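Student: Before we discuss any labels, may I see the sequence and the structure?

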Amino acid sequence: MGKIVGSALVSHHPGLMQCEEFRRAMGAGQDSDLIAGYARLRERIEAQKPDVVLVFDSHWFTTGYHLIDAGQRYTGSYVSDEMPWYLHGVPYDYRGYPELAWQIEAVSRERGGYNRAVSNPGLERQYATLNLIKHLRLELSDTPVVSISSCQNCEWPHFLRSGEAIGEAISRSGLRVVLLASGALSHKFNGIDWKPTHPRIFHETNVSSPENVASDKRAISLMVEGRHDQILDRWQDEYRCAPWEAFGAHYLQMLGAMGGSECRAKGEVLSEYENARGTGNIHIWFPAQ
């Protein structure tokens, strides 16, 4: 049987792709701890020797279906349409794992779900996937990567059910799989003319509101305790309203694959909680149950 050998909530924000000199200038002389956190996460992933890494991509927005990359290989040079003045010229060359993508679709169809595989060779990449591939050095290890979209006309229970189908497909696959929920917690941007309240741009006081910081930290505490059920209990009234990046699609699909409300995987915090343009970011690792 296949197995989820580890999972993580991971920040991908584009400022992490700037050079170290720039990041230190923005950090009042210190780099973002998310950079050191990537090294800590790499150690966790490498220790598990996964056959495949699944990335729940909070920037790949789709309508009508939760889509799964089913390409054999992806190569090119990435330019962000969001901020091409500095996120550009990023070369990528990595393997997919089409057999798992089609297995996920098959399980979803059995269950009357909405997960579908797509293998269009011209399908564009998103930096929520590519930034992780680069910082986690998945190209260098030749680890196959499969991206999964955030379907924008879903309610949050649909994401859990999508994850359930993914978890079952992994179980049937015989593969060792790591799941990465690529995205932020609260995701409200500061205005274009906003001025930092703290000289270290990454400092939590630069997050869009104290209320969002408090909400994010409550969620982090529950993840550390393994009480994902309590996060779900609060989802509609708190975390859906914050809201999280992609309305939490990345975390909810990962959690659905891990057992949903029954999951008790305790999170290991691998970085400081940091600001990025007003959004709340952190890396948290969940070992296999």
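Tutor: Let us begin with a term: a residue is buried under 20% relative accessible area, exposed over 50%, and partly exposed in between, using a 1.4 Å probe and protein chains only. Helices (H or I, at least four residues) and strands (E, at least two) are DSSP runs, numbered from the N terminus. The model is a predicted one, in which local features need pLDDT of at least 70 and side-chain atom pairs count only at pLDDT 80 or more, while totals for chains, interfaces and linings use all residues. Residues are numbered from 1 along each chain as its sequence is written, and side-chain values use heavy atoms, with hydrogens and water left out.

Student: What makes strand β2 mostly covered?

Tutor: Of the 11 residues in β2 (residues 52-62), 10 are buried.

Student: How do you know that β2 and β8 pair?

Tutor: Two strands pair if DSSP finds at least two bridges between them. Strand β8 (residues 176-182) runs parallel to β2 and is joined to it by 6 bridges, so the criterion is met. Within β8, Ala181 is the bridge partner of Phe56. Strand β7 (residues 145-151) also pairs with β2 in the parallel sense, over 6 bridges, and there Ser147 stands opposite Val55.

Student: Why is Cys151 called buried?

Tutor: Its relative accessibility is 3%, and the limit is under 20%, so Cys151 counts as buried. Cys19, at 47%, lies between the two limits and is therefore partly exposed.

Student: How do you know that Cys151 is in no disulfide?

Tutor: A disulfide is a pair of cysteine sulfur atoms within 2.5 Å. The structure holds 0 disulfides. For Cys151, the nearest cysteine sulfur belongs to Cys154 and is 3.5 Å away, so the pair does not meet the cut-off.

Student: Why is Thr279 called buried, and what joins its side chain to that of Asn281?

Tutor: Thr279, in strand β11 (residues 279-281), has a relative accessible area of 3%, so it falls under the limit for buried. A polar contact is a pair of N or O atoms within 3.5 Å; within protein, one must be able to donate a hydrogen and the other to accept it, and residues adjacent in sequence count only if both atoms are side-chain atoms. The side chains of Thr279 and Asn281 are joined by such a contact of 2.9 Å. A polar atom of the Thr279 side chain also lies 2.7 Å from the backbone oxygen of Ala276.
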